[in-house]
Amino acid sequence: MTELLQGTARDEALAPLLAQGWTETSDGNAIRKRFTFRNFNEAFGFMTRVALFAEKRDHHPDWRNVYRTVEVELSTHDAGGLTAKDVELARKMDEAAAYV
């Protein structure tokens with residue numbers, strides 16, 4: 001099982017993500033972000049790139065797409081909260097969004 005991020009390690013891992021627009025859920029068990037693209041094709045392309053990465057790591061986001069917007073919430077369900085897997089996927093999402 002993947003271990004939860006806690007204490008200083010959690011703070012250090014989340015700081016750059018929070019600076020990039022990610023927010024913590026009220027219970028602190030997940031992070032979320034809304035990505036907005038110019039159109040549906042860009043949004044869907046982003047989701048496709050992220051899906052390929054997520055599948056390789058067996059870590060899948062909870063997300064929703066409406067036209068040009070993708071809303072994401074990341075949490076490692078079997079660990080019951082945030083882990084390094086979520087941080088890695090969030091970083092990858094930010095990278096993928098920058099190349100659209």
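This report describes charged pairs, aromatic contacts and a surface patch in a predicted model.

## Salt bridges

Side chains of opposite charge can pair when their charged atoms come close. In this structure there are seven salt bridges. Three of them are set out in the table, with the separation of nitrogen and oxygen atoms for each pair.

| Salt bridge | N to O separation | Citation |
|---|---|---|
| Arg 32 and Glu 73 | 2.5 Å | closest N and O atoms |
| Asp 94 and Lys 33 | 2.7 Å | N to O |
| Arg 57 and Glu 88 | 2.9 Å | closest N and O atoms |

The bridge between Arg 32 and Glu 73 has its closest N and O atoms 2.5 Å apart. Arg 32 belongs to strand E2 and Glu 73 to strand E4 (residues 69-74), so this pair ties together parts that are 41 residues apart in sequence. Both ends are partly exposed: Arg 32 has a relative accessibility of 38%, and Glu 73 has one of 28%.

Are the partners in the bridge between Asp 94 and Lys 33 buried or exposed? Asp 94 counts as buried at 15% relative accessibility, and Lys 33 is likewise buried, with a relative accessible area of 15%. Both values fall under the 20% limit for a buried residue. The side chains of Asp 94 and Lys 33 meet at 2.7 Å, N to O. This pair links distant parts of the chain, with Asp 94 in helix H3 (residues 84-98) and Lys 33 in strand E2, 61 residues apart.

Helix H3 also supplies Glu 88, which forms a salt bridge with Arg 57. Arg 57 lies in the loop between H2 and E3, so the pair ties together parts that are 31 residues apart in sequence. Arg 57 is partly exposed at 36% relative accessibility, and Glu 88 is partly exposed with a relative accessible area of 35%.

In addition, a network of salt bridges links Arg 34, Arg 64 and Glu 71.

## A buried acid without a salt bridge

Asp 86 is also found in helix H3. What surrounds this buried residue, given that it has no salt bridge? The nearest side chain of opposite charge is that of Arg 10, which is 8.1 Å away. A salt bridge requires the nitrogen and the carboxyl oxygen to be within 4 Å. The side chain of Asp 86 does, however, make a polar contact of 2.8 Å with the side chain of Thr 76.

## Aromatic contacts

The model contains five aromatic pairs. In one of them, the ring centres of Phe 35 and Phe 46 are 4.9 Å apart and the ring planes stand at 40°, so the pair is classed as tilted. Phe 35 is in strand E2 (residues 31-36) and Phe 46 in helix H2 (residues 40-56), and the pair links these distant parts of the chain across eleven residues. Phe 35 counts as buried at 5% relative accessibility, while Phe 46 is buried with a relative accessible area of 0%. Together with Trp 22 and Phe 37, these two residues form one aromatic cluster.

## A nonpolar surface patch

On the surface, Phe 40, Phe 44, Val 66 and Tyr 67 form a nonpolar patch. Together these residues have about 410 Å² of accessible area. Val 66 is placed in strand E3 (residues 62-66) and is partly exposed, with a relative accessible area of 44%.

How values were computed. Residues are numbered from 1 along each chain as its sequence is written. This is a predicted model: local features need pLDDT of at least 70, side-chain atom pairs count only at pLDDT 80 or more; totals for chains, interfaces and linings use all residues. Side-chain values use heavy atoms; hydrogens and water are left out. Patches are made of residues with over 30% relative accessible area and no salt bridge: like charges are joined within 9 Å, nonpolar side chains (Val, Leu, Ile, Met, Phe, Trp, Tyr) within 5 Å. Accessible areas come from the Shrake-Rupley method with a 1.4 Å probe; for residues, only the protein chains shown count as cover. Helices (H or I, at least four residues) and strands (E, at least two) are DSSP runs, numbered from the N terminus. Buried means under 20% relative accessible area, exposed over 50%, partly exposed in between (1.4 Å probe, protein chains only). Rings of Phe, Tyr and Trp (its six-membered ring) pair if their centres lie within 6.5 Å; planes under 30 degrees apart count as stacked, over 60 as edge-to-face and the rest as tilted. Lys and Arg count as positive and Asp and Glu as negative; His and the chain ends are not counted. A polar contact is a pair of N or O atoms within 3.5 Å; within protein, one must be able to donate a hydrogen and the other to accept it, and residues adjacent in sequence count only if both atoms are side-chain atoms.
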